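Welcome to this short tour of a protein model. Please take a moment to look at the sequence and the structure below before reading on.

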Amino acid sequence: MRRSIYLSIIGVTAVLGGVSAPAMAATCADAQFSQAVLDRFPNIRLVCSEIVEKDGQQYAVVKGDLVRTGNNAVYMKFKLADGTKSDTRKVETRPEFRVKIDGKPVSVRNLAVGQELTAYVKVSDPMIALEPAESTDTLAAYPIEDAAPAMAANTAEMPTTASALPTVFGLGTLLLAFAGMLTFLRLRRQS
Amino acid sequence: MSHSTHGPSNGTRGLARALRWSEIAAYVLGALLCSLFALAQADSALGSTNALEDFAASLNPPDQTLWSAGRVRDYQVAQQSKTLAVAVLTVPSLKLEVPVFEGDDEISLNRGAGMVAGMGTPDTGGNVGIAGHRDGYFRVLKDIKVGDLIEIRTRLKLHRYRVTSIDIVDKTDKRLLADTDEPGVTLVTCYPFYYLGNAPQRFIVAATYEWPSDS
């Protein structure tokens, strides 16, 4: 029984491995990145975790942390092999696009800073795509941009953080004290 | 017909009447102002507690699979009618836990802290501005130190930040509210902490995002 389970596991692993990475799959070190990719993403070999084949194209798998979300784009810092992070990079996407977070499909509109995302970089062209929630979904690749997030204009105003309540309480207490003093004087005059 | 020469004169009686009315008016107005203060304090305590409870409940919405369509609709209407906090701000070293509302209007700041309009949000990134009353929830910030942990729980994620700087600036100086490439949070309150009226300065606590792998 146990042996058959092992054999099944090995069989499933072999099948899955065959789908995502052919037997003679390239590695990050020997993948033939085009010059355009290396120009746009010089440290691609350092951030690449594996090479996979999708829709007949080779892609480098890169993982990174979400730094910011923007209009039809997310900004990520990719994880380098030595544990450090790359500069912030923009990855375009569509608002209705869904990625997988903790095993669940999540719309890019509901992503939060700090979440880990996976992206695919095309080996032959300087294109990048977020990993879709479903492995059967087609990749939506966009040109790689090294632009840092566009800073929003500083329109914020310094907030007013002093409440009028202490003044209200102080004034009320003073009035009550004044009234009490008048009562005291009146009663003293009457007696 | 004779007039008494021993009773109080008209002028004295008039003054006594005026003082009596002043006394009553002072009692009424004083009581009104103190009641207003007490009501605001109660609203602050209850509003904050309710907002924290509602926020916690919104993280785990009830299973509505067996509910009737009408009940689900009523529940959604009831939820929408509440002023829900968008996040909960916690500073463990100061034992501060306060709901964060979308705006920094007077009612929001009485019940908790408020997001500064025109700045980032914890989930979307950038520089997140959060304001609070220096005579309310944010008075404890006077004891905050560089290196202290700040946590912001949104409906999507728990974000952690480390305090990197504490500044006192003029109330017109908005430089520290500018957007940043790295995600961060800026807490703002009035300074000096003990001051009657509009304080001339602002106490600014800046903190940068603590990535899970950094901690």
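Among contacts in chain A between residues at least 6 apart in sequence, 50% join residues at least 24 apart; two residues are in contact if their C-beta atoms, placed from the backbone, lie within 7 Å. This is a predicted model, in which local features need pLDDT of at least 70 and side-chain atom pairs count only at pLDDT 80 or more, while totals for chains, interfaces and linings use all residues. Residues are numbered from 1 along each chain as its sequence is written, and chains are lettered from A and ligands numbered from 1 in the order in which they are written.

## Chain A

Chain A holds four helices and nine strands. Helices here are DSSP runs of H or I with at least four residues, strands are runs of E with at least two, and both are numbered from the N terminus. Starting at the N terminus, the order of elements in chain A is α-α-α-β-β-β-β-β-β-β-β-β-α. Of the 191 residues in this chain, 30% count as buried. A residue is buried if 20 or more other C-beta atoms lie within 10 Å of its own, exposed if 12 or fewer, and partly exposed in between, with C-beta atoms placed from the backbone.

A good place to start is strand β7 of chain A, residues 116–122, which is mostly covered, with five of its seven residues buried. Two strand pairings involve β7(A), and they are set out here; strands pair if DSSP finds at least two bridges between them.

| Strands | Sense | Bridges | Residues standing opposite |
|---|---|---|---|
| β2(A) and β7(A) | antiparallel | seven bridges | A:A60 and A:V121 |
| β7(A) and β8(A) | antiparallel | three bridges | A:V121 and A:I128 |

In addition, β7(A) and β8(A) form a hairpin, with four residues between them.

Strand β8 of chain A is also where A:A129 is placed. Is A:A129 buried or exposed? A:A129 is buried, because 20 other C-beta atoms lie within 10 Å. Leaving out residues up to four places away in sequence, A:A129 touches A:A119, A:Y120, A:L139, A:A140, A:A141 and A:Y142. One of these contacts can also be given as a distance: A:A129 and A:A140 are eleven residues apart in sequence and 5.5 Å apart in space, C-alpha to C-alpha.

## Chain B

Chain B is divided into domain 1 (8–84) and domain 2 (85–209), with bounds that come from an automatic or database domain assignment. Twelve residues from domain 1 of chain B and eleven residues from domain 2 of chain B take part in the contact between these domains. The C-alpha centres of the two domains of chain B lie 25 Å apart.

In chain B, eight strands close into a barrel in the order β1-β2-β3-β4-β7-β8-β6-β5, and the pairing is mixed. Neighbouring strands of this sheet are turned by 30 degrees against each other on average, direction ignored. Within the barrel order, β4(B) and β7(B) pair in the parallel sense over five bridges, and B:N127 stands opposite B:G184 in β7(B).

## Where the chains meet

How many residues does each chain give to the contact? Chain B gives 55 residues and chain A gives 38 residues. On the side of chain B that touches chain A, the largest share, 13 residues, comes from α1(B).

Helix α1 of chain B contains B:F37. B:F37 counts as buried because it has 20 C-beta neighbours inside 10 Å. Not counting residues up to four places away in sequence, B:F37 touches A:L165, A:V168, A:F169 and A:G172.

## Nonpolar cores

A nonpolar core is a set of buried Ala, Val, Leu, Ile, Met, Phe, Trp, Tyr and Cys residues joined through C-beta atoms within 7 Å. The largest nonpolar core has 77 residues, and those with the most contacts inside it are A:A119, A:V121, B:V100 and B:I130. A second, separate core of six residues includes A:L175, B:L33, B:F37 and B:A40. Back in the largest core, B:I130 touches B:L89, B:V100, B:A113, B:M115, B:V116, B:V185 and B:L187, not counting residues up to four places away in sequence.

Definitions and conventions
Axes fitted to C-alpha atoms, helices over the stretch in contact; angles between N-to-C directions.
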